[in-house]
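Here is a walk through one protein chain, starting at the end of a helix and working outwards to the whole fold. Keep the viewer open while you read.

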Amino acid sequence: MIPIVHRNTGWIEVICGSMFSGKSEELIRRLRRAMIARQKVAIFKPKIDNRFSEDHIVSHSELKIPSTNVESPWDILEESLEAQVVGIDEAQFFDKDLVLVCQKLANMGKRVIVAGLDQDYRGEPFEPIPQLLAVAEYIDKTHAICVICGNPANYTQRKTEDKERVVVGASDVYEARCRNCFEPPEEVRKNVKLPRRPEKEEKGDRK
Ligand SMILES: [Zn+2]
């Protein structure tokens, strides 16, 4: 998928999509290929995500690859100085400094491959993925299959009533849905499903 030969330059690749769309699987596939070519690979995920395995990235299909758990994106920078290829999974759980760190790594000549959820359970952009998409050289959007109707799924439906943005879970908590079948929580439904042009403010009404 990357037809261009890079010479003396780094770059950023982002793999994003809903849950169950194969993001981690695709990340692992790219990292494995780099390892087979004997490139130095460093792989990270945020400490929050210990859902299947403490020191591995694991896809839902049970592919896995060793990784280091880190708390801050800056730890990634410190621990990948020797690497030629840097892989980062579950990137939506890092703060916005991840964008600075990825830029720095790419500017140092490294290939940076980032996988993460692009929308939260409300169907709203999940920072810092949108910011990363803007600066990435290559973007792949992966799709799951809607469990209701079989269309390509771009949304992650939370099956519980939890209101926190981060609730770690797999098919016990989430399922993939298409645009038609996705049901965002009540408080964001009108913004996500049927946004309207805001009412014009009356003159003199401003504070
Ligand atoms: Zn559907």
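Let's start at a helix end: right after α3 comes G109, and its phi is positive, near 100°. Bear in mind that the model you are looking at is predicted.

**Helix α3 and its buried side**

Now step back into the helix itself. α3 spans residues 97-107, and its buried residues are L98, V99, V101, C102, L105 and A106. These six sit on the same side of α3, because the arc they cover around the axis is only 165°. And what do the buried residues of α3 pack against? Their partners are two helices and three strands: α2 (73-79) and α4 (129-135) on the one hand, β1 (11-17), β6 (85-88) and β7 (111-117) on the other. As for orientation, α3 lies across β1, β6 and β7, and runs at about 155° to β7.

**The sheet underneath**

Those strands belong to an open sheet of six, ordered β5-β2-β6-β7-β1-β8, with parallel pairing. At the edges you'll find β5 (68-70) and β8 (138-142), each of which pairs on one side only. Going from one strand to the next, the twist averages 20°. As a reminder, strands of a sheet pair through backbone hydrogen bonds, either parallel or antiparallel.

If you'd like to zoom in on one pairing, try β2 (residues 41-46) and β6: they run parallel and are joined by four bridges. One spot to click on is I43, whose bridge partner in β6 is G87.

Another helix to look at over this sheet is α1 (residues 23-36). It lies across β1, β2, β6, β7 and β8, and its direction is at about 165° to β7.

**The nonpolar core**

The largest nonpolar core has 44 residues, and the members that touch the most others are L31, V86, A91, C102, V112, V114 and L132. At least two residues each come from β1, α1, β2, β6, α3, β7 and α4. Which element gives the most to this core? That would be α3, with six residues.

C102 thus turns up twice, as a buried residue of α3 and among the best-connected core members. L31 is worth a look too: leaving out residues up to four places away in sequence, it touches V41, I43, I65, V85, G87 and I113. Both halves of the I43–G87 bridge pair are therefore on the contact list of L31, going by C-beta atoms within 7 Å.

**Backbone oddities in the loops**

Most residues other than glycine have a negative phi, and most peptide bonds are trans. Against that background, a few places in this chain deserve a second look. Two non-glycine residues with positive phi are listed here.

| Residue | Phi | Loop | Other C-beta atoms within 10 Å |
|---|---|---|---|
| F20 | near 65° | between β1 and α1 | 21 |
| E90 | near 55° | between β6 and α3 | 22 |

F20 counts as buried, and E90 does as well; the cut-off for that is 20 or more other C-beta atoms within 10 Å.

Next, the peptide bonds: the one joining E127 and P128 is cis, with omega about 5°. P128 is in the loop between β7 and α4.

G123 also sits in the loop between β7 and α4. Is G123 buried or exposed? It is buried, because 23 other C-beta atoms lie within 10 Å. Setting aside neighbours within four places in sequence, G123 is in contact with Y155, F182, P184, V188 and V192. For a sense of distance, take E175: it is 52 residues from G123 in sequence, while the two C-alpha atoms are 13 Å apart.

**The whole chain**

Finally, zoom out. The chain holds five helices and 12 strands. Its radius of gyration is 19 Å, which agrees with the value near 17 Å for a compact globule of 207 residues. Along the principal axes, the C-alpha atoms fill a box of roughly 60 × 45 × 35 Å. Of the 207 residues, 37% count as buried. And among contacts with a separation of 6 or more, 72% are between residues 24 or more positions apart.

Terms used:
Residues are numbered from 1 along each chain as its sequence is written. This is a predicted model: local features need pLDDT of at least 70, side-chain atom pairs count only at pLDDT 80 or more; totals for chains, interfaces and linings use all residues. A residue is buried if 20 or more other C-beta atoms lie within 10 Å of its own, exposed if 12 or fewer, and partly exposed in between; C-beta atoms are placed from the backbone. The arc is that of the directions from the helix axis to the C-beta atoms. The radius of gyration is taken over C-alpha atoms; the globule rule is 2.2 Å times the number of residues to the power 0.38. Two strands pair if DSSP finds at least two bridges between them. Axes are lines fitted to C-alpha atoms, for helices over the stretch in contact, and angles run from 0 to 180 degrees between N-to-C directions. A nonpolar core is a set of buried Ala, Val, Leu, Ile, Met, Phe, Trp, Tyr and Cys residues joined through C-beta atoms within 7 Å.
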